[in-house]
Amino acid sequence: MSGNGLARLWGRFMGQRGLQHVWVAGIYGACYELMREISVANWNLPTGLRVLCLLLVPYRFWPAMMVGEMIALAHHGWAHHEEFGWLWTAVITFPPLLLAAAPVELARRHLPLFRGEEPDVTAILTYVLIGGAVNALANTWGLSTVHMPPGETAPEITFHIVLTYFLGSYLGALTLVPAVLALWRPGAGWSRFATDRAFLRDSAIGMVPALVLLMGLITYSKNDEVVEIARMAAFLPAAWMTLRHGWRGAAIAGLLASFAVEFTVTVTVSRDPAVIQAQALVAFAVSSLLMLGGRLPRVVKAAGADARDVGESLRGFQLAQQGLYQEELRLRYVADSLDRLGESMLMGQKRMMDRFGPALPSNMEHAYARHLDLTQREMQRLANALHPRSWRERGLAATFEDGPLAQAAAMAGAEYACEFSGAGLNLLAPDVHMMLYRQACEVLVYLLAREPVRRFRLQIRGGCTHGRRWVVLRMTAVRAAASQRGRPAPEWRQLVSLLGTNGQGMTTVRERAQIYGGLVHEHEDEHHLGVALLLHDALRIEASAETDLLYARPASI
């Protein structure tokens with residue numbers, strides 16, 4: 001090939017690569033401007049965009065992204081240079097992407113983003129933390145160079161301002177980075193969770209309506225207490241999705257919860273301290289659930305794989321038990337709050353009807369009364385699903401004997417009976433009591449999802465072996481006629497909502513039993529279906545090494 005041919009080929013190659021860099025710079029600059037337009041001081045989405053690009057975009061395009069960010073910042077700086085001075089304009093034009101590139105790359109060398117085929121949740125949170133810290137420093141640097149007009153005092157840099165910058169940047173990165181990595185893998189495209197029907201159904205049905213309801217309460221409520229409770233409850237879908245789908249569920253629910261809380265900013269005050277507190281709560285809850293969702297599967301797998309690591313596995317089990325119990329306490333608190341909220345709404349609506357009722361037609365008055373009754377029942381149903389009222393008012397025995405389980409069996413047209421035997425049930429830890437109830441609900445829904453039944457018999461027996469307290473739950477169902485077998489009971493999907501279960505069958509039951517050192521057995525014959533499970537008492541920090549070793553050998557059911 002002649003020298004002129006090589007020159008033309010090189011020029012064509014460089015032209016294509018140069019065009020790619022121009023496209024990258026333009027797309028990044030446009031995305032940056034879009035993120036910046038929908039962000040506020042306490043919710044900085046460009047930080048998340050910056051971290052994602054440093055993690056996913058090849059190195060050769062980093063300079064193009066820095067140029068695109070610098071152009072966008074230069075436009076912003078030029079628009080305000082007369083107001084804040086040329087020094088501030090020069091400093092703010094310096095792209096934070098350049099500042100974040102070195103620490104992110106250093107962290108990637110020592111803490112890879114992927115562990116095998118799965119993203120490492122610890123690494124994700126580390127990159128989010130780095131991005132938030134770098135952006136907070138960049139904003140503080142820009143604020144320190146602000147030149148105010150004569151007669152006006154320059155803003156003073158305080159710890160509160162720096163903390164606000166960091167919190168906003170961390171929240172913005174936490175909103176985007178885990179959610180994108182949960183659905184997208186470099187080099188492989190969309191992950192299987194992005195097209196998983198159960199995942200998409202739970203996201204659309206389990207989270208969006210709840211968040212829309214909370215946003216509606218915040219928007220139209222004039223009661224500050226109601227607004228505060230609604231904002232605190234915004235992270236509950238993240239807890240529910242974590243139990244169903246692990247850290248990916250927490251990531252997607254955290255994304256939607258952050259947008260839901262941010263929506264309240266636009267309808268109230270742009271820098272409402274209560275909103276900042278709610279976002280800090282969402283950030284803490286989502287971060288904790290991400291770590292818990294990433295930790296639980298590894299803990300359960302390691303505990304069954306290598307008995308020599310019993311001590312480390314037990315610490316993991318203890319962390320899992322404490323995490324589940326903390327979530328139960330939060331659910332109980334929210335259930336109590338919903339009860340109070342329902343009573344407050346009922347009283348307010350009744351006062352309104354007493355005042356305006358005489359001016360309404362009788363048919364409209366009856367319609368409002370029916371709507372009021374349905375609203376109150378729905379609030380009670382939701383609170384009862386989160387944490388049964390009978391448990392809060394009458395305790396363990398009443399909940400099993402005539403609580404939601406008995407109601408569920410009646411809805412399915414089946415008889416129900418509960419028996420207690422043994423000793424020491426009341427000496428078990430509260431989280432074991434709650435886990436026992438959750439397991440019973442899951443087993444009942446599982447049996448009805450297989451086929452209709454005529455009678456349920458629930459047996460609960462407590463005991464103590466070698467100093468370890470345990471409890472056995474056995475649920476036996478009398479099968480329906482042979483012609484009705486092979487298809488689920490028509491009511492089983494309604495019972496999922498009534499009992500607050502996830503409806504994923506025995507997989508969830510076995511995983512939860514393993515967390516409490518237990519076992520699960522299924523049995524069936526021509527006339528009966530049955531499930532029996534064993535749970536041990538919760539681990540204690542002061543437990544001796546001998547007790548730990550005994551815990552590794554569960555008693556038989």
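The expected span of a helix is 1.5 Å times one less than its number of residues. Helix 2 (residues 45–56) in this predicted model is a handy case to try that on: with 12 residues, helix 2 runs 17 Å from first C-alpha to last, close to the expected 16 Å. Helix 2 is also mostly covered, with 11 of its 12 residues buried. The buried set takes in Leu45, Pro46, Thr47, Gly48, Leu49, Arg50, Val51, Leu52, Cys53, Leu54 and Leu55.

One name in that buried list, Arg50, carries a charge partner. Side chains of opposite charge can pair when their charged atoms come close. Here Arg50 and Glu69 do just that, forming a salt bridge with an N to O distance of 2.9 Å. The two residues sit in distant parts of the chain, 19 residues apart, with Arg50 in helix 2 and Glu69 in helix 3 (residues 62–79). Both Arg50 and Glu69 are buried.

The Arg50–Glu69 contact belongs to a wider set, as the model holds 9 salt bridges. Another of them joins Arg455 to Glu415, where the closest N and O atoms are 3.1 Å apart. Arg455 belongs to strand 6 (residues 453–465) and Glu415 to strand 5 (residues 415–422), so this bridge ties together parts that are 40 residues apart in sequence. Arg455 itself is partly exposed, at a relative accessible area of 38%.

Glu451 and Arg479 make a further salt bridge, at 2.9 Å from N to O. Glu451 lies in the loop between helix 18 (430–450) and strand 6, while Arg479 is in strand 7 (residues 468–479), so the pair ties together parts 28 residues apart in sequence. Glu451 is buried, and Arg479 is too. This pair doesn't stand by itself: Arg450, Glu451, Arg479 and Glu524 are linked in a network of salt bridges.

The loop between strand 6 and strand 7 holds His466, which has a backbone feature to flag. Its phi is near 55°, a positive value in a residue other than glycine. His466 counts as exposed, since its relative accessibility is 63% and the cut-off for exposed is over 50%.

Turning to the aromatic side chains, the structure holds 6 aromatic pairs. In one of them, Tyr59 and Trp62 have ring centres 4.9 Å apart and planes at 65°, so the pair is edge-to-face; the cut-off for that label is an angle over 60 degrees. The two partners differ in cover: Tyr59 is partly exposed at 46% relative accessibility, whereas Trp62 is buried at 8%.

Phe166 and Tyr170 give a stacked pair instead, with ring centres 6.0 Å apart and planes at 25°. That angle falls in the stacked class because the limit is under 30 degrees. The spacing along the chain fits into the picture as well. An α-helix has 3.6 residues a turn, so residues three or four places apart point the same way. Phe166 and Tyr170 are 4 residues apart in helix 8 (residues 159–183), which separates them by about one helical turn. Phe166 is partly exposed, with a relative accessible area of 25%, and Tyr170 is buried, at 14%. Elsewhere in the chain, ring pairs link Phe400, Phe420 and Tyr437 into a cluster.

Next comes the record. An unreviewed UniProt entry annotates residues 85–104, 124–142, 162–184, 204–220, 250–269 and 275–292 as "transmembrane region". Two of these spans can be set against the model. Residues 85–104 are 85% helix and 0% strand, and their end C-alpha atoms lie 31 Å apart. Residues 162–184 are 96% helix and 4% strand, with 33 Å between the end C-alpha atoms.

Finally, there's a nonpolar patch on the surface. Leu19, Val22, Trp23 and Ile27 make up this patch, which covers about 450 Å². Val22, one of its members, lies in helix 1 (residues 3–37). With a relative accessible area of 57%, Val22 is exposed.

Technical notes
Residues are numbered from 1 along each chain as its sequence is written. This is a predicted model: local features need pLDDT of at least 70, side-chain atom pairs count only at pLDDT 80 or more; totals for chains, interfaces and linings use all residues. Side-chain values use heavy atoms; hydrogens and water are left out. Rings of Phe, Tyr and Trp (its six-membered ring) pair if their centres lie within 6.5 Å; planes under 30 degrees apart count as stacked, over 60 as edge-to-face and the rest as tilted. Buried means under 20% relative accessible area, exposed over 50%, partly exposed in between (1.4 Å probe, protein chains only). UniProt positions are given in the numbering used here, feature names are shortened, and annotations may be inferred rather than shown by experiment. Patches are made of residues with over 30% relative accessible area and no salt bridge: like charges are joined within 9 Å, nonpolar side chains (Val, Leu, Ile, Met, Phe, Trp, Tyr) within 5 Å. Accessible areas come from the Shrake-Rupley method with a 1.4 Å probe; for residues, only the protein chains shown count as cover. A salt bridge is a side-chain nitrogen of Lys or Arg within 4 Å of a carboxyl oxygen of Asp or Glu.
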